[in-house]
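Student: Please pick one part of this model and take me through it slowly. I'd like to see how a loop sits among its surroundings.

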Amino acid sequence: MSTQSVEPKSQPPADVEPASDPAPVPDPVPAPGPPAASDTVHVTIVLPCYNEQDHVIDEVERICEAMDGSGKTYELLAVDDCSTDATLARLEEAAPRFPHMRIMAFQHNSGSGTVRRIGSQQARGDIVVWTDADMSYPNERIPELIEVLDSDPAVDQVVGARTTEEGTHKALRVPAKWFIRKVAERLTNTRIPDLNSGLRAFRREVSLPYLRLLPPGFSCVTTITIAFLSNQHPVRYVPIDYAKRAGKSKFHFTKDAYRYILQVLRMVMYFNPLKVLMPPALWLIVIGLLKGVFDMVVHFGYFANNTIMIFVTGLIIASLALLADLIVRSRGDV
């Protein structure tokens, strides 16, 4: 019968006391989490960049210098709209010099309206600033626009109203912009010193329901102005100087002026269709009635065909106006 040998357990030396408690284990290092509250920003400046290689860094420097001096927390969101020159390379090269700049690059050209819409949606700040990178706007005054919003909670948008016109096709732009602005004033019942200024600051939360309405082109600035005015969001205007732009203008007078007019009508139709449709409807009805009285006097018992057409057309347009207004009121976003 075999036996197993059992080795005796080793004992600690007599002069060494056994440890009563194990050595303390250091606390684990917490995993990285979301940014701290101090990393949040108050202002996001959306800067569309398209073929601005010769002056985009000068503009970035001007904006960052003004914002650094203001003491407000901010981010500069420079969006390259698929430039065909070295704009994106210049921004990336200068990025280490501007810690508050965030660069976004589009894969295809989408237009300044798309840049501003996506930039506003991606913004981390409570206040969003729109401006251009062509050296035409006094971007050193951006903190002044922001201060208006910070000091007066009743104001939802601040627009830099240009006191001069320095754009291309000046002889054509001035009367065309005056006409479009007067149409917008008439339809919104407000005075608008500058309808399509590219320098403005607004509260991001207020703008969110209207960002989806922004068209891809230059008329996005007109859209955001009319959207705020049509929904009783107070807009304040600050007079600013306007310089001749650096580089080549992307504005095409015939095409863009036509789009501006359509966008004004479209936006007012979207929020208050009675303003657009009811006046011509009432005029046609009144003209039809007066023409009917004339027909009765001259040709008793006979109404001319054009009299009936004018009157019926007025009734149809009035019916469309009431139906459109009913749709707007039941939509729930106004």
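Tutor: Let's start with a word we'll need right away: a residue is buried if its relative accessible area is under 20%, exposed if over 50%, and partly exposed in between, using a 1.4 Å probe and protein chains only. Keep in mind that this is a predicted model, where local features need pLDDT of at least 70, side-chain atom pairs count only at pLDDT 80 or more, and totals for chains, interfaces and linings use all residues. Residues are numbered from 1 along each chain as its sequence is written, and side-chain values use heavy atoms, with hydrogens and water left out.

Now zoom in on Asp134. At 7% relative accessible area, Asp134 is buried. You'll find Asp134 in the loop between strand E4 (127-130) and helix H4 (142-151). Those labels are DSSP runs numbered from the N terminus, with helices (H or I) of at least four residues and strands (E) of at least two. Across the protein chain there are 10 helices and seven strands, and buried residues make up 43% of its 334 residues.

What does the side chain of Asp134 make a polar contact with? Its partner is the side chain of Ser136, at 2.5 Å. A polar contact here is a pair of N or O atoms within 3.5 Å; within protein, one must be able to donate a hydrogen and the other to accept it, and residues adjacent in sequence count only if both atoms are side-chain atoms. Met135 also lies in the loop between E4 and H4. Unlike buried Asp134, Met135 is partly exposed at 27% relative accessibility. The phi angle of Met135 is near 70°, a positive value in a residue other than glycine.

Next, hop to another loop, the one between helix H5 (170-188) and strand E6 (200-203), where Asn196 sits. Asn196 is buried too, with a relative accessible area of 14%. Its side chain and that of Arg162 are joined by a polar contact of 3.0 Å. Leaving out residues up to four places away in sequence, Asn196 touches Tyr137, Arg162, Lys177, Val221, Thr222 and Tyr260, where contact means heavy atoms within 4.5 Å. For a wider view of the chain, take contacts between residues at least 6 apart in sequence: 79% of them join residues at least 24 apart.

Asn189 is in that loop between H5 and E6 as well. Is Asn189 buried or exposed? With 57% relative accessibility, Asn189 counts as exposed. Its phi is near 60°, again positive in a residue other than glycine.

Arg162 has another thing going on: Arg162 lies over the face of Tyr242, at 5.0 Å from the ring centre. A charge sits over a ring if NZ of Lys or CZ of Arg is within 6 Å of the ring centre and within 35 degrees of the ring normal.

Follow the chain into E6 and you meet some rings. Rings of Phe, Tyr and Trp (its six-membered ring) pair if their centres lie within 6.5 Å, and the planes count as stacked under 30 degrees apart, edge-to-face over 60 and tilted for the rest. That rule gives six aromatic pairs. One of them is Phe202 with Phe228, edge-to-face at 6.2 Å centre to centre and 65° between the planes. Phe202 lies in strand E6 and Phe228 in helix H7 (residues 220-230), so this pair ties together parts that are 26 residues apart in sequence. Both Phe202 and Phe228 are buried. Ring pairs link Trp130, Phe202, Tyr210, Phe228, Tyr270 and Phe271 into a cluster.

Tyr210 takes us to helix H6 (residues 204-211), where Val206, Ser207, Tyr210 and Leu211 are buried. They span an arc of only 135° around the axis, which puts them on the same side of H6; the arc uses the directions from the helix axis to the C-beta atoms. Here's the background: an α-helix has 3.6 residues a turn, so residues three or four places apart point the same way.

Last stop, back on helix H5: Trp178 is located there and is partly exposed, at 48% relative accessible area. Trp178 and Leu195 are 17 residues apart along the chain, with 9.3 Å between their C-alpha atoms.
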